[in-house]
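Biologist: I have not looked at this one before. Can you take me through it?
Modeller: Yes, here it is.

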Amino acid sequence: MNTDTMNADTLIAPPTVRAESLDCIQANLAVLADRWYGTDAHLALGAELTFRPTFGADGLATVEPTLDEQLDRAQRLLGFGITARYPGVGVDTLRSLTQRHGVLYVVADAFYMPWVPYRGHRHLDHSFLVESAAGATVVDAYLNRTPWGVAEPGWWLLPWEDLPATLNAMRLAPAPSGPPATAPLVDIAGPDERARYLSGYAQHPDREHALDRLTLETWLLARSRRLHANFLAWHGDSVGPEVDEHLRQWDLLVERTYLALRRVQSDRAEPDGVLPRLAALLDADEHVFHHSAAEPAPRDHRAGPDDRVDGAAHRAVVTEVVAGVLGTEPARLLDTPALTELSAFNSFRVVEIVEALEHRLAIEFDPADLVPEHLHHLDDLCRLVAARCTTTEGDR
């Protein structure tokens, strides 16, 4: 289909993101980021290089984030707001929603998606963007080689009934002032936690199951490191041969792990060296990416600390941040200044609001400020922000 016929005002342009460094949930968040903020804005998703595994009951830990964790990161690093969520809807409901609201971000089971090679082969959460046209206009920026073929970025006009029967849809919105200024961060678990992670895979009795999981783990780790390197280059940091070689070694490890899996699946001996190599690369992460702790270089389309001003602008920023955390429209907050009246508001969200405001405005609240009676009303939050911004400016 000729993409030139697409209406640029309503339909999403074909994806041009750095798909080789994105997972299947990030890929279509990235499409929206570049559409709303400009080319390569999605690279802010790579600002944080982490290794913080979650340990499961089967002894195998994972670095794979949940959908909610991915969305929280998009809110924090891209300024995205979730204006509505529609969990577990059917195709007819999705079609009606797109007719009313336009483009929706959707996550469903790739096993039932005709445009990806996982169809009929593997169950996994996968994202796409959809809008109503003559049928369902689907955009998917995911890129990956699989045992069943290559998943390639593109867009498709499909009959609605070709979509999965159960879908988790949501409406996302950009930050009105652009994405927040984002500094590189490296957060790697210590030696004991890394050793525990590795030993779980080394000692698991079901070698096929362990290597199948480890193949996904190394793939996720390799992609996240490539995304971080792309972010550093976009951010203005020097990315030299040492980083390039480190990324190459991660790619080789992914290949080696998959090879080990295939050997075990064929009832052959498991090759040595996968876990020692993984240990060495995790050890090297902090050294290779150590320089990424610098402050962000100023970018024209980003809001930074110097954007802090008094009065109405404080209120606008606070309203935008709180709305993003709570997944609601800014206008609703202005009509409901008591945040406790909103169903999404709870003690966990209070912490997220405080951290998001500190990050967005480069301030730090006084511990005495952080008591419930100061944090449950929009007006009180605005007063706290104004006071802290004034104090911070006086200290500069």
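Biologist: How many helices and strands does the chain have?
Modeller: The secondary structure comes to 11 helices and 12 strands. Keep in mind that this is a predicted model.

Biologist: How much of the chain is buried?
Modeller: Of its 396 residues, 48% count as buried.

Biologist: And what about the surface, how much of that belongs to carbon and sulfur atoms?
Modeller: The accessible surface of the chain is about 18,600 Å², and 50% of that belongs to carbon and sulfur atoms.

Biologist: What share of the contacts is between residues 24 or more positions apart?
Modeller: Such pairs make up 74% of the contacts in the chain with a separation of 6 or more.

Biologist: Let's do the sheet. What is the order of the strands in the open sheet?
Modeller: The order is 4-11-5-6-7-10, which is 6 strands with antiparallel pairing. Strand 4 (81-89) and strand 10 (154-158) stand at the edges. Each has a single partner strand, so one side of each is left without a neighbour in the sheet.

Biologist: What is the average twist from one strand to the next?
Modeller: The twist averages 30 degrees.

Biologist: Pick one pair. Over how many bridges do strand 5 and strand 11 pair?
Modeller: Strand 5, residues 104-109, pairs with strand 11, residues 167-173, over 3 bridges in the antiparallel sense. Within that pair, Y105 has M170 of strand 11 opposite.

Biologist: Which strands does helix 2 lie across?
Modeller: Helix 2 (residues 67-78) lies across strand 4, strand 5 and strand 11. Its direction is at about 160 degrees to strand 4.

Biologist: Now the helices. At what angle do helix 5 and helix 7 cross?
Modeller: Roughly 25 degrees, with the axes of helix 5 (residues 207-235) and helix 7 (residues 274-288) coming within 12 Å. An angle under 35 degrees counts as roughly parallel, and helix 5 and helix 7 are therefore roughly parallel to each other. Helix 5 passes helix 7 in a left-handed crossing.

Biologist: Which residues make that contact between helix 5 and helix 7?
Modeller: From helix 5 there are L214, L221 and R225. Helix 7 contributes V274, L275, L278, L282 and D285.

Biologist: And helix 5 with helix 6, how do those two cross?
Modeller: Their axes come within 9 Å and cross at roughly 165 degrees. That makes helix 5 roughly antiparallel to helix 6. The crossing of helix 5 and helix 6 is left-handed.

Biologist: Where is D267?
Modeller: D267 is in the loop between helix 6 (241-265) and helix 7.

Biologist: Is D267 buried or exposed?
Modeller: D267 counts as exposed, because its relative accessibility is 75% and the cut-off for exposed is over 50%. D267 is 59 residues from E208 in sequence, and the two are 9.5 Å apart in space, C-alpha to C-alpha.

Biologist: Different topic, backbone angles. What is the phi of D40?
Modeller: D40 has a positive phi of about 70 degrees, although it is not a glycine. D40 sits in the loop between helix 1 (26-37) and strand 1 (48-51). With 15% relative accessibility, D40 counts as buried.

Biologist: What about the phi of A362?
Modeller: A362 has a positive phi too, about 55 degrees, and is not a glycine. The loop between helix 10 (347-361) and helix 11 (378-395) holds A362. At 38% relative accessibility, A362 counts as partly exposed.

Terms used
Residues are numbered from 1 along each chain as its sequence is written. This is a predicted model: local features need pLDDT of at least 70, side-chain atom pairs count only at pLDDT 80 or more; totals for chains, interfaces and linings use all residues. Side-chain values use heavy atoms; hydrogens and water are left out. Helices (H or I, at least four residues) and strands (E, at least two) are DSSP runs, numbered from the N terminus. Buried means under 20% relative accessible area, exposed over 50%, partly exposed in between (1.4 Å probe, protein chains only). Contact means heavy atoms within 4.5 Å. Accessible areas come from the Shrake-Rupley method with a 1.4 Å probe; for residues, only the protein chains shown count as cover. Two strands pair if DSSP finds at least two bridges between them. Axes are lines fitted to C-alpha atoms, for helices over the stretch in contact, and angles run from 0 to 180 degrees between N-to-C directions. Angles under 35 degrees count as roughly parallel, over 145 as roughly antiparallel, 65 to 115 as roughly perpendicular and the rest as oblique. A crossing is left-handed if the near helix is turned anticlockwise from the far one by less than a right angle, and right-handed if clockwise.
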